Amino acid sequence: MTSPAAKKQQQYELLYHPGIPGRGEYIRLPLEAAGVSYSDPANENKNGYDEVKASCSPTSTGDADGNPPVFAPPALRIPGAGKNGKPLLIHQTPNILFYLGPRIGMSPEDEGDMFHTNQLMLTALDLSNETHDTHHPVALMDYYEDQKEESLRKAKDFRSHRLPKFLSYFERTLKGNEATGNGKYLVGDKLSYADTTLWQVVDGYVTCISLMP
Ligand SMILES: N[C@@H](CCC(=O)N[C@@H](CS)C(=O)NCC(=O)O)C(=O)O
């Protein structure tokens, strides 16, 4: 096992679309909170987005480092963590968070708490997906304007049933952990990627979407 100080030296490269928080933000937040440096080529370099697009090319059968193809951003490249010391490339937001959490001190050490953190993050991402779907209830690739009627029906059900169910669950989790987490943390007495994910879903997503016409 590497020491926590050495782990902090690890360079992470976040591959995501430029100019939007999106799912990339679920990865950025715990890295920022942990004070771990990372690069974000699409936002930092002139041709950085080419690297992101190449990583999930629809014709790719894998990259030059032996990593399998990526379905969609975000992806995380970790130099030296792959086979034979090559870069490891992983994708799927929850998978990246599950990888990063213990390595950057954003996941509890106790095994039960670790899985609890993960299930909270997965549930928060379910909420993120359901929020997104209110605007694309029929077809993902069609504009909201072309499915407005169905969107209104879906949004009504979302507001009446789904959103209260999710929020009640997270509020009960916070309450159940009040003695340890002071009503601030979902698990234990420290910030984890469950907290940063829920924060981003509520502040950056549910609030933003519900303000749309
Ligand atoms: N389940 C995946 C979803 C990834 C995803 O939908 N990425 C979006 C950007 S947030 C994308 O670029 N999708 C392209 C596509 O699905 O074709 C995750 O959580 O990472």
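In helix α2, the buried residues are G24, E25, Y26, I27, R28, L29, P30, L31 and A34. That makes α2, which spans residues 24–34, a mostly covered helix, with 9 of its 11 residues buried. Right after α2 comes G35, and its phi is positive, near 70 degrees. It's worth saying up front that the model is a predicted one.

One residue of α2, R28, also turns up in the surroundings of D40. Leaving aside neighbours within four places in sequence, D40 is in contact with R28 and L14. D40 itself sits in the loop between β2 (38–39) and α3 (41–44). Is D40 buried or exposed? With a relative accessible area of 5%, D40 counts as buried because the cut-off for that label is under 20%. As for G19, which is 21 residues away from D40 along the chain, its C-alpha atom is separated from that of D40 by 11 Å.

L14, the other contact of D40, leads straight into the sheet. This is an open sheet of 4 strands, and the order is β2-β1-β3-β4, with mixed pairing. At the edges are β2 and β4 (88–91), each of which pairs on one side only. Strand β1 (residues 12–15) is joined to strand β3 (residues 75–78) by 3 bridges, and the two run antiparallel. Within that pair, L14 stands opposite L76 of β3, while E13 has R77 of β3 as its bridge partner.

On its other pairing, β3 meets β4, again in the antiparallel sense, this time over 4 bridges. Here L76 turns up once more, standing opposite I90 in β4. So which way do the residues of β3 point? A75 and R77 point one way, L76 and I78 point the other way, and all are buried. This fits a general pattern: side chains in a regular strand alternate between the two faces of the sheet.

The loops around β3 and β4 have some backbone details to look at. P74 is found in the loop between α4 (48–55) and β3, and the peptide bond leading from P73 to P74 is cis, with omega near 5 degrees. In the loop between β3 and β4 there's N84. Its phi is near 55 degrees, which is a positive value in a residue other than glycine. N84 counts as exposed because its relative accessibility is 77%, and the label needs over 50%. Another residue with a positive phi is Q92, at about 80 degrees, and Q92 isn't a glycine either. Q92 lies in the loop between β4 and α5 (93–103). Its relative accessible area is 46%, so Q92 is partly exposed.

Several of these loop residues show up again at the ligand. Which residues are around the ligand? They are Y16, H17, R23, F71, A72, P73, P74, Q92, T93 and P94. Both residues of the cis peptide bond, P73 and P74, are therefore part of this shell. Sorted by class, the shell holds 6 nonpolar, 3 polar and 1 charged residues.

Three side chains from that list come with distances to oxygen atoms of the ligand. For H17, an N or O atom of the side chain is 2.7 Å from an oxygen atom of the ligand. For T93, the distance from a side-chain N or O atom to a ligand oxygen atom is 2.8 Å. For R23, the corresponding value is 3.3 Å. On its own, the ligand has 500 Å² of accessible area, and the protein covers 63% of it.

Last up is T117, in helix α6 (residues 111–133). How much relative accessible area does T117 have? The value is 0%, so T117 is buried. Setting aside neighbours within four places in sequence, T117 is in contact with P108, V187, S192, Y193 and A194.

Technical notes
Residues numbered from 1 in each chain as written. Heavy atoms only, no water. Buried < 20%, exposed > 50% of the residue type's maximum accessible area, 1.4 Å probe, protein only. Contact = heavy atoms within 4.5 Å. Near = heavy atom within 4 Å. Polar contact = N/O pair within 3.5 Å; in protein donor to acceptor, adjacent residues only side chain to side chain. Areas by Shrake-Rupley, 256 points an atom, 1.4 Å probe, with all protein chains shown as cover. Nonpolar A, V, L, I, M, F, W, Y, C, P; charged D, E, K, R; others polar. Pairing = 2+ DSSP bridges.
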